[in-house]
Amino acid sequence: MKTRRSFIQQVSLTAASLPVLNILNAACMNTANNDKQILRVAIMGLGGYGTRVAEAMNDCKRAKLVGVISGTPSKIAGWQKKYSIPEKNCYNYENFDAIKHNPDIDAVYVITPNALHHDAVIRVAKAGKHVICEKPMAVNAKEAREMVDACKAGNVKLLVGYRMHFEPHTLEIIRMRNEGEFGKVLFFQGLSGFIIGDPTQWRLNKALAGGGAMMDIGIYSVNGSRYMTGEDPIWVTAQETKNNPQKFKEGVDETIQFQLGFPGGAVASCLSTYSMNNLDRFFLNGDKGFAELQPATGYGPIKGRTNKGEIDAPVVTHQTVQMDAMAGIILNNEKPVVPVDGEEAVKDLKIVDAIYEACKTGNKIELKL
């Protein structure tokens, strides 16, 4: 794996890569006039991904980890020591509503199992703090809409951890598509999958995960189909395959193939699975060219190519770029190239709901996003 390189270390990039930097700068927001504004964040859920976000925030310029929320006292103590977090900024799941009275916390990043997002986000919104929620934002579109409405009622912003919306290779493909370099978009393929391990983990527990592979890895192809084509789908068909019902219980999907249709005429063919490795690829085809990302959504490095050659883009730590960009969105109403708000998550979950319905009924489901 390549060492993460800062923007300063990228000054030697060729002229061909300059559009990528321009797009990335737009995604990361203009920090020149906002150096003194720092988004002060508490992380809720101190597991593996919460740790990854915390480590990435060490390099942030506009966001800082200042608090923690966890049900495990030993984790809180360890994070306090490692990240110099004051006792007054530490909470558990019973008392975190008290952040309402803590002026030193601006936002809470909810990184708990999927089914716990809904109630946590609503409680944070009622406490008057901005919310960043890991994806999928909820286990269905109904819950997602309730979360959006609660944040509007609380006059706080709700963002979702769509880290790929700030990733340089991804943004370069979006730029090229927007400028017509691929011509009319005809086809998208999204492959998202890996062989999942421990059968007792929460990701295989419907009550906590809301489903199976689709709610974990498949959401990348759902969301990716939208930002790669630049359109929202208008129909979906889907088929589920389950070869291991002992491991993948009722309501926990093992493998789903799904197809999407878009208003411009493009179609998508996607695969979500917990039973196959080496599946992390996006492919976009137009009548004038193509684009491929492989890996497409992993933690890095992302690699991409088009009909014009390899994409020469900086390698970044996704969560660092994401959190700095989100600071600009929350503090200064700055606009990312690809939206990361709660409304985007509602659209994704409407598609996921329709995929599950299509699997059960065998019907083609019309979508209105």
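Strand E5, helix H5 (residues 141-153) and strand E6 form a right-handed β-α-β unit. Helices (H or I, at least four residues) and strands (E, at least two) are DSSP runs, numbered from the N terminus. A crossover counts as right-handed if, with the strands pointing away from the viewer, the path from the first strand over the helix to the second runs clockwise. Strand E4, helix H4 (residues 117-126) and E5 also make a right-handed β-α-β unit.

The model is predicted: local features need pLDDT of at least 70, side-chain atom pairs count only at pLDDT 80 or more, and totals for chains, interfaces and linings use all residues. Residues are numbered from 1 along each chain as its sequence is written, and side-chain values use heavy atoms, with hydrogens and water left out.

Strands of a sheet pair through backbone hydrogen bonds, either parallel or antiparallel. Here, two strands pair if DSSP finds at least two bridges between them. The table gives two parallel pairings.

| Strand | Partner | Bridges |
|---|---|---|
| E4 (residues 107-110) | E5 (residues 130-133) | four |
| E5 | E6 (residues 158-160) | three |

Between E4 and E5, Tyr109 has Ile132 as its bridge partner, and Val110 has Cys133. Cys133 also stands opposite Val160 in E6.

These strands belong to an open sheet of six, in the order E3-E2-E1-E4-E5-E6, with parallel pairing. Strand E3 (90-91) and E6 are the edge strands, each pairing on one side only. Helix H3 (residues 73-83) packs on the sheet and touches strand E1 (39-44), strand E2 (63-69) and E3; contact means heavy atoms within 4.5 Å. The direction of H3 makes about 155 degrees with that of E2, where axes are lines fitted to C-alpha atoms, for helices over the stretch in contact, and angles run from 0 to 180 degrees between N-to-C directions.
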